[in-house]
Amino acid sequence: MKYAIETFDLTKKYDDFTAVDALNMKIDNKSIFGFLGPNGAGKTTTIKMLTCLVQATSGTANVAGYDIATNPNEVREKIGMVPQLVSLYSDLTVRENIDLCADFYGLPEDLKVSRAEELMELVDIKYAQNKIVKQLSGGMKQKASVVASLIHQPDILFLDEPTIGLDPTTKRVLWDLMEELNSEGRTIILCSHDMYEVELLCDEIGIINGGILAAFDTPRGLKDTMINEQKDKKSSKNSDVIEIMDELRKEGGVEDSAAYDQLKDKIERKNRDLKELSVMISNLDESMLNHLNNIPGIHEIVEHDSGRLVMDIDSSDESVSLIISEIIGQGGNITSISTKDPSLEDVFMSVTTKYKKEGVDDG
Amino acid sequence: MVETKKIMWMIKKDLLVLWRHKPRLISLFLFPIIMIVLFGYGMGGTINNIPVVVVDQSQGPLTDATLSAIKGNTLYDVKDITSDPTKGLQDVQNGMVKAAIILPTNYDNLNTTSQKSIVVDVDSSDQMAAGVIIPATEGIFNGINQQIAVQKLQANSTSAAAVTTNQVAGSAGNPFQSILNTVNLQINKLYGNISYLDFLVPAIIGMTVLFGCVFGMGEIVAGERERGELARLFMTPTSVTTVLGGKIISKLVQETGRGIILIIAAIVLFGIIINGSIVLTVLILMLGALCFIGFGIMISARVSSQEDFMQSVMPITMPMMFVSGVFYPIETMPWIFQKIAYIMPLTYVNDALRAVMLKGVGIGGIWIDVVVLIGFTALFFALGVTQFNRDI
């Protein structure tokens with residue numbers, strides 16, 4: 001089975017409101033998939049449809065090789081879900097909740113005991129197994145919920161914002177667990193607003209917005225797409241400027257040809273693949289600055305203040321090492337270096353903002 | 001310092017929430033209207049139209065006058081006039097009427113010297129109706145007795161010989177005694193002396209089971225749906241029928257236990273006597289509980305929160321309590337409430353429980369109640385399960 005999940009025009013409508021609109025996506029088997037989207041974008045509804053908690057209005061999906069509409073019970077046997085709101089029985093103990101779930105999945109008694117013990121140890125909650133759920137902290141409840149969802153060893157595990165409100169240590173426990181489960185060959189579907197978490201764990205990411213799948217790629221792929229889009233946008237603007245300058249020249253509006261060529265060269269260089277490099281030099285002086293201004297790999301020094309240099313440089317792999325060598329050669333004392341790539345949050349903002357603008361324009 | 005603005009906000013917030021939950025809003029206004037109508041028109045405190053049957057075994061002006069007096073009294077609703085005393089008694093035993101007023105064969109013979117023994121067979125299991133019928137009937141026949149006495153005295157004044165004969169044949173001690181005691185009213189309480197508490201207990205048990213089952217199902221279905229606990233169950237390969245089946249059995253056991261405790265408490269604390277079979281009483285209790293559980297499931301099938309559930313059932317359960325004969329006999333209510341009573345399952349639970357506990361009847365005497373309750377139960381479960389919204 002190549003895909004853990006395949007959706008086919010999956011749609012959910014509530015009266016006149018379309019929560020999910022003809023969603024088509026394929027999620028690789030044994031991957032960790034991050035499902036992102038702003039609040040109300042349709043993430044939870046999609047997850048509910050894929051976990052057979054809500055019926056699709058139209059379209060369908062194959063989950064673990066079974067159709068959600070025609071074989072919901074087979075789907076349920078193959079999946080587990082850690083819901084957004086902890087849905088354990090609050091007046092039962094952790095162990096009673098786990099046993100209840102195990103019996104609802106039809107686990108044999110011996111397997112039920114061994115798995116419960118193993119999973120409770122894995123997430124470090126065994127010591128609280130006889131505590132009433134409502135007496136537990138949020139993190140412990142979530143751990144118990146995870147154990148209850150994993151008791152039948154599902155092939156696909158859905159987690160709907162599992163680490164929301166948890167302390168860093170508990171988050172780390174859950175992240176480690178997700179990676180371990182994935183290494184065992186399970187597919188993880190992670191809905192989250194925590195971009196760091198998604199970037200850290202996920203092989204592929206889908207961004208849903210207004211019920212439509214707005215982006216789908218690897219984290220690197222999404223960032224590259226964003227960089228390229230930004231570059232195309234900039235390039236298009238610069239080309240327009242060069243076109244106007246050429247027309248000016250034809251009409252004899254240019255007196256200083258050298259200055260004209262220098263300006264045109266500068267604009268054309270802006271079209272090149274650039275990235276931002278920030279270097280902190282404790283002994284930065286004017287002569288060092290002048291020297292750096294003439295290095296070919298540096299397109300422009302955007303900012304220099306209190307020893308901090310921010311430069312637009314060529315994006316080639318060699319350009320960073322070349323510039324650093326030059327600074328050291330000039331006797332510069334480098335205290336920190338950083339390059340700036342778009343973050344997943346930038347990608348998320350870009351994708352969702354673009355949708356909003358299009359939505360307004362369309363509307 | 002009074003924080004007026006904050007208080008105003010609290011009021012505004014509550015009103016907005018109410019406005020945005022239309023079922024709650026409708027219930028808020030509908031419920032008091034239903035209740036006041038029920039109280040105002042249904043149970044205004046006076047009991048009228050108690051169904052009775054009159055057995056007239058002789059014909060004549062006195063029978064006509066008696067029938068006229070009974071029919072003219074709004075307390076009675078004469079369902080039948082028959083000449084067969086056995087049929088009259090059977091009508092009472094079958095629950096068709098609350099009393100049979102049986103006039104003797106010599107009722108119209110004013111010349112007879114023997115007493116006219118009028119028998120009133122009263123369904124004493126309906127303590128409210130019996131408590132009204134007995135004094136009212138006594139009043140009517142006291143009046144008739146006086147009229148007969150006057151007629152006889154008038155007749156005697158014109159015939160001294162007849163008076164003398166009557167005096168001799170009647171009472172040696174008091175010459176007018178036979179005239180004054182012309183009518184002898186015998187009250188026959190078919191089920192003995194039933195106190196109001198005896199009358200109330202079966203219905204209170206039925207009512208307790210009703211509220212326990214309906215509100216309990218609201219908590220374990222609508223409440224669990226609201227808290228996301230049902231979602232956990234529906235994530236597993238488990239059918240709606242299995243989940244609901246488990247909940248039904250659990251609730252049934254609880255409510256049967258509660259009913260048995262109530263019966264034991266009534267016996268121990270208040271000396272209630274169960275004239276019929278205790279096993280049959282418990283079985284009726286279980287059937288009633290099952291029916292009300294089905295009702296709870298039917299209502300909770302589509303609602304998403306416990307609050308909505310409560311607001312949906314209150315306009316049905318509270319009126320059900322008042323029209324189902326818990327406190328007043330159904331037959332004495334206006335016809336519209338009688339019609340409503342017959343579509344309320346609690347009516348049949350009360351009727352069956354009273355029949356077994358007070359009258360001591362067996363299954364043969366309550367089979368209609370049982371069949372109707374089974375029908376209601378099947379209908380509620382069918383609707384509840386088929387309409388159950390598995391979507392979370």
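Trainee: What makes up the contact between chain B and chain A, in residues from each chain?

Mentor: In this predicted model, chain B contributes 17 residues to the contact and chain A contributes 22 residues. Contact here requires heavy atoms within 4.5 Å.

Trainee: How much area is buried between chain B and chain A, and what share do carbon and sulfur atoms give?

Mentor: About 1700 Å² is buried between the two chains, and carbon and sulfur atoms account for 56% of this area. On the side of chain B, Arg232(B), Met235(B) and Pro237(B) supply 44% of the area that chain B buries against chain A, more than any other three residues.

Trainee: Which helices of chain B each supply at least two residues of the side that touches chain A?

Mentor: They are helix H8 (196–227), helix H9 (229–234) and helix H10 (240–270) of chain B. H9(B) gives the largest share, five residues. Sorted by class, the side of chain B that touches chain A has seven nonpolar, three polar and seven charged residues.

Trainee: How many salt bridges are counted between chain B and chain A?

Mentor: The count between chain B and chain A is zero salt bridges. Five residue pairs between these chains are nevertheless in polar contact, with both residues at pLDDT 80 or more. Over all chains, the count comes to 23 salt bridges.

Trainee: Why is the meeting of Asp99(A) and Arg95(A) called a salt bridge?

Mentor: Side chains of opposite charge can pair when their charged atoms come close. The distance from N to O for Asp99(A) and Arg95(A) is 3.4 Å. The cut-off is 4 Å between a side-chain nitrogen of Lys or Arg and a carboxyl oxygen of Asp or Glu, so the pair qualifies. Asp99(A) and Arg95(A) are four residues apart in helix H3 (residues 94–104) of chain A, so about one helical turn separates them.

Trainee: Why is the pair of Phe234(B) and Phe388(B) called edge-to-face?

Mentor: The structure holds ten aromatic pairs over all chains. For Phe234(B) and Phe388(B), the ring centres are 6.1 Å apart and the planes stand at 70°. Centres must lie within 6.5 Å and planes over 60 degrees apart count as edge-to-face, so both conditions are met. The pair links distant parts of the chain: Phe234(B) is in helix H9 of chain B, and Phe388(B) is in the segment after helix H15 (367–387) of chain B, 154 residues apart.

Trainee: How do you know that strand E1 (residues 3–14) and strand E3 (residues 26–28) of chain A pair?

Mentor: Three bridges join E1(A) and E3(A) in the antiparallel sense, and pairing needs at least two bridges, so the strands qualify. Tyr3(A) stands opposite Asp28(A) in E3(A).

Trainee: What joins E1(A) to strand E5 (residues 58–63) of chain A?

Mentor: Five bridges do so, and these strands run antiparallel. Glu6(A) stands opposite Asn62(A) in E5(A), while Thr11(A) has Ser58(A) as its bridge partner in E5(A).

Trainee: What lies between E1(A) and E2(A) in their hairpin?

Mentor: Two residues lie between E1(A) and E2(A), and Asp15(A) in the turn has a positive phi of about 55°. E1(A) and strand E2 (residues 17–23) of chain A pair in the antiparallel sense over four bridges, with Val20(A) in E2(A) as the bridge partner of Lys12(A).

Technical notes
Residues numbered from 1 in each chain as written. Chains lettered and ligands numbered in written order. Heavy atoms only, no water. Buried area = accessible area lost by both parts, 1.4 Å probe. Polar contact = N/O pair within 3.5 Å; in protein donor to acceptor, adjacent residues only side chain to side chain. Nonpolar A, V, L, I, M, F, W, Y, C, P; charged D, E, K, R; others polar. Phe/Tyr/Trp six-rings, centres within 6.5 Å; stacked < 30°, edge-to-face > 60°.
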